[in-house]
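Here are a few notes to read alongside the structure. I have kept them as short numbered points, so you can take them one at a time.

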Amino acid sequence: MKLSDYSIKHPVIITIGLITAVVFSLIAYNNLSAQFLPDITQPQAFIITTYPGVSAKRVEKEVSKKVADALVTIPGIKDMTTDSRDSVSVVQLTFSESENVETLLPVIREKLNIIGDSLPKDISAAPEIHVSSVATYLPIMTFAIESDVDLLELTKYAEDTIVPSLFSVQDVSKVLVHGGKYNEVEIKLHLEKLNAKGISVLNIREIIGSSNVSIPSGTEFYQDSEVNIRTSGEFSSISEIENLIVGYKDGGAIYLKDLATISVVTTAPDVYITSNGQEVPFIEVFRREGGDVLGIIDGVKEKLQRMQEQTKGKLNFEIIKDDSKITEKSISSVIQSAIMGTILAILVILLFLHNFKATVIIGISIPLSILLTFIGFYFSGVTLNILSLSGMTVALGMLVDPSIVVLENIHNKLEAGLIPSEASSVGAGEVGGAVIASATTSICVFAPLLFLTGVVGIFMGGVAKTMIFALTASVMVALLVLPFLTSKLMKKSKHSGITGKLSDKIGSLISKLDIVYRKTLEGSLKHGKFIIFFVISIFIISLISLTTMGTSFIPSVDSGEFEIEMSYPDGFGLEKSLEKSRQIEQIVLETVPEITTSLIVTNKSSATGYFSLIDKKMRDRDVFKVIEVLQSTLTPKVIDAEIKVRNAGMDSVMALATGGQGFIIDVKGNNLDELEIAGNQIEHILSMDSAVISTEMSLNSNRKEIVSNLMLDKMGSLGITPYEAAITTRLLFNGDKIGTFSSGNEDMDIRILSDLHGNPITSETFETMTIVSRNGENVNFSTFSTMEVVPTLDNIKTTDRIYSLKVMGLLNTSETGAISSRMRESLSKIDFPIGIEWSIGGSAGLWSDSLASLLLVLGVAIFLVYVVMVIQFERFVQPLIIMASIPFCLIGVIFGLKIFGSNLSLISFLALISLGGIVVNNAIVLIDYINFLRKEKGYKLMDAIIEGGSSRIQPILMTTLTTMLGVIPMATGTGEGADMYAPLGQAIFGGLITSTLITLILIPVLYNFIEKRKENINEQKI
């Protein structure tokens, strides 16, 4: 029994099934997470090791290299990079998409345990393992805490109250407080007193550490009960620390207070965080992978509102970054486009069928198909994001295609005099096979996208699932629900009065259109060779114009946020850097009155500013224009600073996913010196390009470090080890945390340092430093060491254990294809040393690498479409005629992008793949009906083509117009996130125009050409 017959004969079952489906669809929709982009979930693990006070070179040699060598044998590693900086080593492991990092953690820990003894003894702790993905790198919300309350008290409130409260919000993974102040116990040693008493700094550190302990000692029975035993010797007061005996001299005890000043101090800031000129702490909120952005931020805002009320307005939370705004507005923009497209599609149905009940039925089938699609979303993990909803908008026209074909045929049967139930059965039965075949071909177009991997696979996979679920739902609705509705609701049209006159006029217009098309088709069939030549010529011209189009991986998005990176000379102190940051902030606020919030994080030699703008609709210029103006304004006005203005928001996420923002060239080599020279050459060439605003290189040797060169032979004779000298130096200059002191409800770090800390270093400094030898004598550092100032690298990176660097250029355009070509041409002329390799990286490199995969997927999709059509038609040649419509739709894609000034990108390529499923559907219905007329009705070839085209022009125009009008709101969108999804609508709009003409004119011409030739061959055989 056919599906349509079953639905007509079992109305009760269909009704209750529909109600059930709608209920579960609404439940599924209500439980879907909302976010701007799908999670970029590349499985990654980070091994972070802190090696205080050590240069990048030593960190790379003594930590990063050993960790990388130990972990390289772990299965499933796709890439391994190391980043060695002053005091910190970060080893990043990126795994294949199929790997579960959590299951590999025991293996990683085991490998690290094996090399534990070979790592430096004075690393601050064992290497830490962090599992993360790109989706959770950046905070989804950042806010500053403004208050008249003292910053110390404010920080404590943030740590003790705000952070625990925010952790209770579902899907919050991490909450970080920055810019606060803390109390700590400072033990400042006086070198003169140490030297006079002959006390070693190392001995003092050891005594303090061993005098402040709390050690569990197991369990034993006490009074018939098992109890824990713990030995407690923790400091309970500052006086206990002051009166700690650290040595003896001349028969008397030496107390710590005799050698040092012990006090509770507020930590001196190593970073200033200011918002609107006021020093503030700020908090970052991160989400778990797959977390609902809108739900999390709503929950956080609710908590903050409650705390503001509880403190009676003493606290004000200034939101700096809020991803829910761009997420909510962009999703709303796409939904509005979808609603507008649905309304336009319904009006098209009303125009062509001029039947109100038929229009109502189509109006039911569209939202029903969408609701059923949400069930697929829920079970497959697809979230509500700008790409999946854009796919849904594109699918609107395809959703209605099966219903239009079925409804139009049922409508014709009713007009021919059949009763509703019979018309529904016969009408749906005649075109059911074609509907299933056309939907199957469309599914075959999108199915191969599911096999793409990496960032491209994440973006394409969600859209592919959306289209597959939507198409499957539309066929079910068309063949199961629609016949049931038409059998109950539709009757033969009876028009009278105004409705009748309007219907007659519409019918007259359609009849005239039919006559014009018949004449056009007859002329085209008579001049078939010219038509083929003309279309091929236009196609070649389009391919040539394709080479002049700009390319980009993903269009940049105006999310109303931008960042300013400020680099100051190494000699700048924190206060001078803060003064320069405030100067820059003032210029920015004067230049950009659209700014609503600002936050600047200032370090000793750098700063980063975060700025938010008013809503896009309230601005006369986009964020890209603001960035361009600021860059040209700040560069000449601010001296002693290197300034880079960058787009933020979703561009920051893409920068993390693709390796950086702007245009990037990756350089590798085995020799660091040669690598740096090559990097400087490449940076110079890149800086000369007209599209580049500014450049930077990740390897920087402009920094200096003071090296204490130890004379090992003298040290041996004096009874001093290099380790003792190195640790003593670190304690005297940098200080070290040696424990925790508890006072009431407050836990404070105990930090030991000397009066050398914070003072300028001179050539005489080493004369004041002494170390106690093994025979108890004070030995001056100048006895066994010399001081030298040498250049040093600020960080050293490796990729797959080969030294690497990035040369980055900030661009004045999002188009990267042209600059890629220019750089390849320029760099290919340079004779780099053996072992130096370069490649285009970042989004430009990802686009180049992805293009081959995308073309392969498109080829596989076209092949699958051909297979389905061969099975349907049981012929090999006719499917090739239908598939001729696919390449020619490229004419319209280029035309559509050119009109709107958009680039070729991953999004527009997605449109090309979508068109591959859309354009063949109409051609299938057309060729299938022509075959039906020739086989079942006995029509001659020319008559069958003309009659078939004439009878199919109405459903073809209906399906084309519904899809075209459905994407027009998307193509012309100006709302939040429109930069991302608009090219999809633009390319489909243009492609549909040309593909429809191809289907109505070229396909019949090719069909006639091939079938006529076949008839001639058969006649010759006879």
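The points below go through a sheet and its helices, a pocket, and a few single residues.

1. Before anything else, please keep in mind that this is a predicted model. Residue numbers start from 1 along the chain, following the sequence as written.

2. A good place to begin is the open sheet, which is built from four strands in the order S12-S7-S25-S24 with mixed pairing. Strand S12 (260–266) and strand S24 (736–743) are its edges, and each of them pairs on one side only. On average, neighbouring strands here are turned by 25° against each other, with direction ignored.

3. On one side of the sheet, strand S7 (residues 183–189) pairs with S12 in the antiparallel sense, over seven bridges. If you would like a pair to look for, Glu186 stands opposite Ser263 in S12.

4. At the other edge, S24 and S25 run antiparallel and are joined by seven bridges. Here the bridge partner of Gly739 is Ile750 in S25. The two strands form a hairpin with two residues between them, and in this hairpin Gly744 takes a positive phi near 65°.

5. Which helices go with this sheet? Helix H7 (residues 201–210) lies across S7, S24 and strand S25 (746–754), and runs at about 35° to S24. Helix H23 (residues 722–733) also packs on the sheet, where it touches S24 and S25. The direction of H23 makes about 115° with that of S25.

6. Now to the second largest pocket, which has a volume of about 1000 Å³. Its lining counts 47 residues, and the closest to the pocket centre are Pro555, Ser556, Phe624, Thr813 and Ser814. By type, the lining divides into 20 nonpolar, 19 polar and eight charged residues.

7. Which element gives the most to the lining of that pocket? The answer is H32, with six residues. The elements that give two or more residues are helix H19 (623–637), strand S20 (642–647), helix H20 (650–658), strand S30 (802–811) and helix H32 (978–1021).

8. Two aspartates deserve a look for their backbone angles. Asp171, in the loop between helix H5 (151–167) and strand S6 (172–178), has a phi near 75°, a positive value in a residue other than glycine. Asp800 is not a glycine either, yet has a positive phi of about 55°; its place is in the loop between strand S29 (795–799) and S30.

9. Are these two aspartates buried or exposed? Asp171 has 24% relative accessibility, so it counts as partly exposed. Asp800 is partly exposed as well, with a relative accessible area of 37%.

10. Last comes Glu561, which lies in strand S17 (residues 561–567). With a relative accessible area of 10%, Glu561 falls under the 20% cut-off and is therefore buried. Leaving aside neighbours within four places in sequence, the contacts of Glu561 are Lys321, Asp322, Phe611, Ser612, Val623, Asn647, Ala648 and Gly649. The C-alpha atoms of Glu561 and Ile595 are separated by 9.1 Å, with the two residues 34 apart along the chain.

Note on methods
Predicted model: local features only at pLDDT ≥ 70, side-chain atom pairs only at ≥ 80, totals over all residues. Heavy atoms only, no water. Pairing = 2+ DSSP bridges. Axes fitted to C-alpha atoms, helices over the stretch in contact; angles between N-to-C directions. Contact = heavy atoms within 4.5 Å. 1 Å grid on protein atoms, 1.4 Å probe; cavity = no way out; pocket = protein on both sides within 12 Å on 5 of 7 lines; lining within 4 Å. Points joined across faces, edges and corners; volume = space filled by probe spheres on them. Nonpolar A, V, L, I, M, F, W, Y, C, P; charged D, E, K, R; others polar. Buried < 20%, exposed > 50% of the residue type's maximum accessible area, 1.4 Å probe, protein only.
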